[in-house]
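Ready for some practice in reading a protein model? Take a look at the sequence and structure below, then work through the exercises at your own pace.

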Amino acid sequence: MLSKRHRASLMALTISAGFGIGTIAAEELPKFEELDKNDDGRLSLEEAKEDPDIAARFALADHDRNGYLTREEFNLRAQH
Ligand SMILES: [Ca+2]
Ligand SMILES: [Ca+2]
């Protein structure tokens, strides 16, 4: 029998597996505000590392290559 903790991690696994094959549901994306730890209105690479998916796309999403993602750049990233 699975513990509650096991169920939770299984569910997380299912969700992250879904990310690879399906479309990404907007509500499952981490919010800009959640990642912007210092509330300066932009994400540094350090902040983006909280989410491996975002960290992996950071360079792509950073259109002006200033080393930060603005909210606009962050939102565009979700469409890639
Ligand atoms: Ca920030
Ligand atoms: Ca930028």
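Below are five exercises, each with a worked solution.

This is a predicted model, in which local features need pLDDT of at least 70 and side-chain atom pairs count only at pLDDT 80 or more, while totals for chains, interfaces and linings use all residues. Residues are numbered from 1 along each chain as its sequence is written, and chains are lettered from A and ligands numbered from 1 in the order in which they are written.

**Exercise 1. The overall plan**

Describe the secondary structure of the protein chain and the pattern it follows along the sequence.

Solution. Start with the definition: helices (H or I, at least four residues) and strands (E, at least two) are DSSP runs, numbered from the N terminus. With that rule, the protein chain has five helices and two strands. Next, read along the sequence, where the pattern is α-α-β-α-α-β-α. Finally, look at contacts, meaning pairs of residues whose C-beta atoms, placed from the backbone, lie within 7 Å. Of the contacts between residues at least 6 apart in sequence, 27% join residues at least 24 apart.

**Exercise 2. The core**

Find the residues that make up the largest nonpolar core.

Solution. First, sort residues by their surroundings: a residue is buried if 20 or more other C-beta atoms lie within 10 Å of its own, exposed if 12 or fewer, and partly exposed in between, with C-beta atoms placed from the backbone. In the protein chain, 12% of the 80 residues are buried. Second, recall that a nonpolar core is a set of buried Ala, Val, Leu, Ile, Met, Phe, Trp, Tyr and Cys residues joined through C-beta atoms within 7 Å. The largest one has seven residues: Leu43, Ala48, Ile54, Phe58, Ala61, Leu69 and Phe74. Helix H4 (residues 52-61) gives the largest share of this core, three residues. Third, pick out one member, Phe58: leaving aside residues up to four places away in sequence, Phe58 touches Leu45, Ala48 and Leu69.

**Exercise 3. The two sides of H4**

Work out how the buried residues of H4 are arranged around its axis.

Solution. Begin by listing the buried residues of H4, which are Ile54, Phe58 and Ala61. Looking down the axis of H4, these fall within an arc of 95° (the arc of the directions from the helix axis to the C-beta atoms), so they line one face of the helix. A general rule helps here: an α-helix has 3.6 residues a turn, so residues three or four places apart point the same way. Now turn to the face away from the buried side, which carries the exposed residues Pro52, Ala56, Ala59 and Leu60. As a last step, ask what covers the buried residues of H4: the cover includes helix H3 (45-48), S2 and helix H5 (71-77).

**Exercise 4. Ala61 and Leu76**

Decide whether Ala61 is buried or exposed, and list what it touches.

Solution. Locate Ala61 in helix H4. Ala61 counts as buried because it has 20 C-beta neighbours inside 10 Å. Leaving out residues up to four places away in sequence, Ala61 touches Leu69, Glu73, Phe74, Leu76 and Arg77. Now take Leu76, which lies in helix H5. Leu76 has 14 C-beta neighbours inside 10 Å, so it counts as partly exposed. Ala61 and Leu76 are 15 residues apart in sequence and 7.2 Å apart in space, C-alpha to C-alpha.

**Exercise 5. Positive phi**

Look at Asp39 and Arg65, and find the phi value of each.

Solution. Keep the general picture in mind: most residues other than glycine have a negative phi. Asp39, in the loop between helix H2 (32-35) and strand S1 (42-44), has a positive phi near 55°. Asp39 is exposed because it has 7 C-beta neighbours inside 10 Å. Arg65 sits in the loop between H4 and strand S2 (68-70), and its phi is positive too, near 50°. Arg65 is exposed, with 7 other C-beta atoms within 10 Å.

Key. Contact = placed C-beta atoms within 7 Å.
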